[in-house]
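Subject: Structure handover, with notes on the pocket

Hello,

Here is the structure you will be working with. Please open it first, then read the notes below.

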Amino acid sequence: MDHFLYRDGALYAEDVAIADIAAAVGTPFYVYSTATLERHFRLFDEALSGTEHLVCYAMKAASNQAILRTLAALGAGMDVVSGGEYARARAAGVPGDRIVFSGVGKTRAEIAQALTGGIRQFNLESEPEMRLLSEIASAMGQVVPVTIRVNPDVDAKTHAKISTGKSENKFGIPISRARAVYAEAAALPGIEVIGIDVHIGSQLTDLAPFEAAFLKVAELTETLRADGHDIRRLDLGGGLGIPYTRSNEAPPLPTDFGALIKRTVGHLGCEIEIEPGRLIVGNAGLLVSEAIYVKEGEDRQFLILDAAMNDLIRPAMYDAWHDIVPVIEPAPGAEQMAYDVVGPVCESGDTFAKGRMLPQIQAGDLVAFRSAGAYGAVMSSEYNTRPLIPEVLVKDDHFAVIRARPTFDEIISRDTIPAWL
Ligand SMILES: *Cc1c(COP(=O)(O)O)cnc(C)c1O
């Protein structure tokens with residue numbers, strides 16, 4: 001559920017008309033709904049009620065300071081995957097003991113940064129990484145809590161580019177080698193092994209792969225305990241999918257996910273962490289764009305928008321579907337026609353949708369891409385020297401620009417000319 005609805009013939013974000021935001025900030029832009037963000041976070045938090053837990057928002061999905069602050073105020077922890085994200089989380093006021101550090105390639109500098117600033121735990125992904133972390137922590141006089149990410153060799157049945165739990169993926173250690181790796185970790189002086197971590201992929205629309213992975217984690221917990229490890233925290237990752245279109249069957253809800261966790265690992269008495277990203281912010285955001293031209297091709301119509309692949313890469317990168325809706329509500333039963341919806345960038349891959357059925361759109365009309373909150377703004381670039389587009393946050397009947405559109409001068413002045421030129 002989200003808070004982007006038609007009211008009196010126009011699309012609203014909570015109590016703010018999208019057209020009013022467009023008039024104030026110009027197009028294209030991202031807009032997020034506070035009520036939707038809060039609702040989605042609470043659904044996860046409540047799904048784990050009765051169990052000691054922390055919901056760590058996977059901030060790579062959308063990492064604006066205002067979004068982080070909104071969630072942190074509700075008690076969210078953060079799952080970070082880089083030194084930059086760690087710095088963003090701290091700048092948003094998240095204490096170190098609510099930050100978990102994931103990722104396959106943490107550098108020496110990133111490790112030292114998190115040890116200096118404070119960290120809840122590192123989720124380790126390899127033996128060389130655990131040796132390096134132990135060395136750096138020891139040198140700093142620390143013993144840092146860690147979990148080790150296991151790769152359960154489970155098919156997440158999602159897009160190959162966002163599947164992370166098969167043996168051919170780069171993530172985690174093979175679960176078959178876990179006992180040996182945990183034995184070595186337990187002997188390292190700078191780290192304390194406290195748990196197990198797993199994250200099998202993103203945009204999962206079926207609970208079965210989660211169930212398979214969590215059952216493997218439960219079994220491993222008992223094996224490792226029998227080996228003498230004090231396994232007391234399970235980080236079960238993120239990955240729960242969202243409905244990208246209203247016409248498909250809805251994927252499982254956070255409540256179902258929570259119930260599955262309780263059923264598969266609840267008996268172990270571990271503290272639970274989860275790391276949802278997409279489900280918290282995906283349907284809490286729209287990308288709003290203006291039609292520049294409608295162009296007649298040989299056998300098709302192109303709807304050319306002022307947003308492009310550099311603003312929303314998901315269709316080009318993952319063949320992702322986003323519902324596209326006019327900001328002025330179409331009359332009931334209005335005739336639909338097929339459009340190839342494209343952006344102005346000089347690449348044929350700059351195509352948001354092919355043969356998409358939409359009510360008639362004219363130059364100057366506003367359209368909104370639904371479900372654009374996750375992996376939208378954070379993946380954008382300035383390709384074609386198109387400035388990063390603004391992000392706007394709505395709360396009730398007001399809105400604020402939470403990242404301004406840079407000017408051309410700001411973009412150009414980031415380059416520096418060498419002395420010899
Ligand atoms: C990306 C990622 C997540 C979040 O995945 P979503 O599909 O957005 O919920 C969680 N944990 C880890 C380790 C990740 O890499």
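How much space lies in the largest pocket? The answer is about 580 Å³. Please keep in mind that this is a predicted model.

**The pocket**

The largest pocket is lined by 30 residues. K60, T164, F171, H199 and Y375 are the closest to its centre. Two elements, α10 and α11, each give two or more residues to the lining.

**Annotated sites**

The unreviewed UniProt entry carries a "binding site" annotation on R278, R314, Y318, E347 and Y375. These positions span 98 residues of sequence. They are spread in space too, with up to 27.2 Å between C-alpha atoms. Of these residues, R278, R314, Y318 and Y375 are included in the lining of the largest pocket.

UniProt also places a "binding site" feature, again from an unreviewed entry, at G239, E275, P276, G277, R278 and Y375. From this set, the pocket lining takes in G239, E275, P276, G277, R278 and Y375.

**R278**

R278 sits in helix α10, which covers residues 278–281. Is R278 buried or exposed? Its relative accessible area is 3%. The cut-off for buried is under 20%. R278 is therefore buried.

Beyond four places in sequence, R278 touches A61, I162, S202, Q203, I242, Y244, R314, A374 and Y375. One polar contact links the side chain of R278 to the side chain of S202, at 2.8 Å.

**R314**

Helix α11, residues 314–318, holds R314. R314 has 4% relative accessibility, so it counts as buried. Which side chain makes a polar contact of 3.5 Å with that of R314? It is the side chain of Y244.

Leaving out residues up to four places away in sequence, R314 touches Y244, R278, D319, A320, H322, A374 and Y375. Note that Y244 also touches R278.

**Y375**

Y375 belongs to the loop between β19 (366–369) and β20 (391–395). Its relative accessibility is 9%, so Y375 counts as buried. With neighbours within four places set aside, Y375 is in contact with K60, A61, S202, R278 and R314. K60 is also among the residues closest to the pocket centre. S202 is the partner of R278 in the 2.8 Å polar contact.

**P276**

P276 is in the loop between β13 (271–274) and α10. At 4% relative accessibility, P276 is buried. Which residues does P276 contact, neighbours within four places aside? They are F44, V55, C56, Y57, A58, G237 and G238.

**Helix α2**

F44 brings in helix α2, where it is one of the buried residues. The others in that list are T34, T36, L37, E38, H40, F41 and A47. Helix α2 runs over residues 34–47, so to speak of its length: 14 residues, reaching 20 Å from first C-alpha to last. That is close to the 20 Å expected at 1.5 Å a residue.

**H199**

H199 is in the loop between β11 (191–197) and α8 (208–226). Its relative accessible area is 17%, and under 20% means buried, so H199 is buried. Which backbone atom does the side chain of H199 reach at 3.0 Å? It is the backbone nitrogen of G238.

Neighbours within four places aside, H199 is in contact with R149, T164, G237, G238 and G239. G239 is one of the annotated positions. G237 and G238 are also in contact with P276.

**S102**

S102 lies in the loop between β7 (99–101) and α5 (108–117). At 6% relative accessibility, S102 is buried. Its side chain makes polar contacts with two other side chains: D79 at 2.6 Å and N123 at 3.1 Å.

Aside from neighbours within four places in sequence, S102 is in contact with D79, V80, V81, N123 and E275. E275 links back to the annotation, being one of the "binding site" positions, and it is part of the pocket lining.

Best wishes

Methods: Residues are numbered from 1 along each chain as its sequence is written. This is a predicted model: local features need pLDDT of at least 70, side-chain atom pairs count only at pLDDT 80 or more; totals for chains, interfaces and linings use all residues. Side-chain values use heavy atoms; hydrogens and water are left out. UniProt positions are given in the numbering used here, feature names are shortened, and annotations may be inferred rather than shown by experiment. On a 1 Å grid over the protein atoms alone, a cavity is a set of points where a 1.4 Å probe fits but cannot get out, and a pocket is an open set with protein on both sides within 12 Å along at least five of seven lines; lining residues have an atom within 4 Å of a point. Helices (H or I, at least four residues) and strands (E, at least two) are DSSP runs, numbered from the N terminus. Buried means under 20% relative accessible area, exposed over 50%, partly exposed in between (1.4 Å probe, protein chains only). Contact means heavy atoms within 4.5 Å. A polar contact is a pair of N or O atoms within 3.5 Å; within protein, one must be able to donate a hydrogen and the other to accept it, and residues adjacent in sequence count only if both atoms are side-chain atoms. The expected span of a helix is 1.5 Å times one less than its number of residues. Grid points are joined across faces, edges and corners, and a volume is the space filled by probe spheres set on the points.
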